[in-house]
Each structure stands twice: as structure tokens, then as C-alpha cells.
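Please read this report beside the sequence and the coordinates of the chain. It deals with one sheet, a few backbone features and the spaces enclosed by the fold.

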Amino acid sequence: RPYFLDWTREFDALYAHVGSSPEADALIKQGGVRDLDQWFQSQYFWRDTSRPRPHNVYTSLDLLKKAADKKEITEIKINGWKFKDDAGEEKRGNVRRIDVGYADPYRVVWVYDPGRNVYRREQWGGVHRMADGAGVYPKNIAVAWLPMKVLDEVGRKWFGTIGEGEAVVFRDGEAIRGVWKKESREGRLRFFDENGSEVVFNAGQTWIEIVPEGTKVDFDEK
């Protein structure tokens, strides 16, 4: 999707994908994206025949490293976010459940564990598990509302990734309302609180939920 490329260019990343929409393909051909398309470089991917197409394509860090070495991609400097240590238990908030209103069956629920100071991801009616059976437990959840429109009868979408809009960051059991900002395709997506200060995330994994403007995201305090 074209909007994926805007986020990829923040990191000058090697972008692994399977095919592309016409709009995304045109942008890739314009340059500026380190492209790794499974359609043309299948040696860096495999298909799990026990699962139905098209959602059965996989790769690995080892294969991606081989692809990066082949393309002579070296380490790059990333203009990162700000990070901190976890808040003490006595300073953690009471936002225990976050319901991201994607259309069923893609609805996502995050459940806060105040003792571990992490968020458990639930989808498809149960805990979201990785291939090894482990759950997903990030330290931070960021939700960004973006303008969206449907491009064609297939349902391809356009998201306005450049500019700013409403956002909320969940961290330490608290909800930090504010805005997201991204100044250009290469610019870093950043989050700011209502006072204009950049959000400082907990060190650890962060998940970003992109939702169309008007999407309902519920969270409660207990």
C-alpha cells in the first residue's frame, strides 16, 4: 500500500513485501525505497503450505540479513523517539482495557497488566499469539487517527500520512491525549501531548494502531 512506503522511508528500511498496488508500485519505481518484493526475489521468502494463500508467506531475520548484505545495505542512523524507565508501581494509572474499533473480526483489545507494566494483545476472541505460542506484550500503545478514503472498487485505501492529527498514547496505565505529526515522507512519525511536549515512551516494544478518522477507540479506568 502507498502509505506503507511513507512509514518505511522514515527508517530508509529494506521493505519486504509481496506484490503491490498500482500506486505503490509507481512510487517504488520512482526510487527512494529499498525494495524486496517476494514476487521477484522469492529466495528470501517461503510459503507455509499448511495455510491457505495468500496469507502464508514468511521470511526470517537470517534471510533478510542475506538480502541486505546482497544489496550492500549498511547500518543507518535513525532519528529515534525519547525513552525512559518504567514508572514505579505507585505511579501507574488505571486504564486497564483499550478497545480499538477495527471492523470485526479484526477488532483489537489491549489489556493492561499493572504488575508487569505491559499490555496484552487480544484478537479473534483470544490472546494474540506468535508462531512460538508466546503472547504479544508491548510496553507502549500509540493510536493515531488519519484521514482515509477508498480509492477503488477493490477497496484499496489512501491514508494521509503527512501532517498531523489526533492521537493517544497508552503508557504506564495512563492515557496521554495529544497529536501525531509527520512533516514529510522521510520525516519521523512523532507523538506529542496536549501541551506540545514530545511523548517519552517506556523502553521496550511499542505498537502503533493506525485508524481512520472517526473510528471509535474505547478505554476505561477501573
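The following paragraphs describe a predicted model, beginning with strand pairing and ending with pockets and a cavity.

**The sheet and its strand β10**

The sheet is open and is formed by 5 strands in the order β15-β14-β13-β10-β17, with mixed pairing. Its edge strands are β15 (190-193) and β17, each of which pairs on one side only, and neighbouring strands of the sheet are turned by 30 degrees against each other on average when direction is ignored.

Strand β10, which covers residues 140-146, pairs with β17 in the parallel sense over 7 bridges. Along this pairing Ala144 stands opposite Ile210 in β17, and Leu146 has Pro212 of β17 as its bridge partner. To β13, by contrast, β10 is joined by 5 bridges, and these two strands run antiparallel; here Ala142 stands opposite Val169 in β13.

What does the burial of β10 look like, residue by residue? The strand is mostly covered, with 7 of its 7 residues buried. In a regular strand the side chains alternate between the two faces of the sheet. In β10, Asn140, Ala142, Ala144 and Leu146 point one way, while Ile141, Val143 and Trp145 point the other way, and all of them are buried.

**Pro147, just after the strand**

Pro147 is placed in the loop between β10 and β11 (148-150). Is this proline buried, partly exposed or exposed? Its relative accessible area is 26%, and Pro147 therefore counts as partly exposed, a class that lies between the limits of 20% and 50%. When neighbours within four places in sequence are left aside, Pro147 is in contact with Trp158, Phe159, Gly160 and Glu213. Ala26, on the other hand, is 121 residues away from Pro147 in sequence, and the C-alpha atoms of the two residues are 22 Å apart in space.

**Backbone features in loops**

Three residues in loops deserve a look at the backbone. A cis peptide bond joins Asp104 and Pro105, with omega at about 5 degrees, and Pro105 has its place in the loop between β6 (95-100) and β7 (108-113).

Glu72 has a positive phi of about 55 degrees although it is not a glycine, and this residue lies in the loop between α3 (61-70) and β5 (82-84). Asp172, also not a glycine, has a positive phi of about 55 degrees and is found in the loop between β13 (163-171) and β14 (174-182), two strands that belong to the sheet described above. Which of these residues is buried and which is exposed? Glu72 counts as exposed because its relative accessibility is 70%, over the limit of 50%, whereas Asp172 is buried, because its relative accessible area of 2% is under 20%.

**Pockets and the cavity**

The table gives the volumes and the classes of lining residues.

| Space | Volume | Lining residues by class |
|---|---|---|
| Largest pocket | about 1,900 Å³ | 28 nonpolar, 10 polar, 8 charged |
| Second largest pocket | about 480 Å³ | 10 nonpolar, 1 polar, 2 charged |
| Largest cavity | about 50 Å³ | 3 nonpolar, 2 polar, 3 charged |

The largest pocket is lined by 46 residues, and those nearest its centre are Arg1, Phe4, Tyr15, His55 and Tyr106. Among the elements that each supply at least two residues of this lining are α1 (2-8), β1 (14-17), α2 (22-29), β8 (118-123) and β17 (206-212); β4 (57-58) and β12 (157-159) do so as well.

The second largest pocket has a lining of 13 residues, with Phe4, Trp7, Thr8, Phe11 and Tyr15 nearest its centre. To this lining α1, β1 and β17 each supply at least two residues, and α1 gives the most, with 3 residues. Phe4 and Tyr15 thus appear in both descriptions, being among the residues nearest the centre of the largest pocket and also among those nearest the centre of the second largest pocket.

How many cavities of 30 Å³ or more are counted? The count comes to 1 cavity. The lining of the largest cavity consists of Leu5, Asp6, Arg9, Leu27, Gln30, Gly31, Val33 and Arg185.

Conventions: Residues numbered from 1 in each chain as written. Predicted model: local features only at pLDDT ≥ 70, side-chain atom pairs only at ≥ 80, totals over all residues. Heavy atoms only, no water. 1 Å grid on protein atoms, 1.4 Å probe; cavity = no way out; pocket = protein on both sides within 12 Å on 5 of 7 lines; lining within 4 Å. Points joined across faces, edges and corners; volume = space filled by probe spheres on them. Helix = DSSP H or I, 4+ residues; strand = E, 2+ residues; numbered from the N terminus. Nonpolar A, V, L, I, M, F, W, Y, C, P; charged D, E, K, R; others polar. Buried < 20%, exposed > 50% of the residue type's maximum accessible area, 1.4 Å probe, protein only. Pairing = 2+ DSSP bridges. Axes fitted to C-alpha atoms, helices over the stretch in contact; angles between N-to-C directions. Contact = heavy atoms within 4.5 Å.
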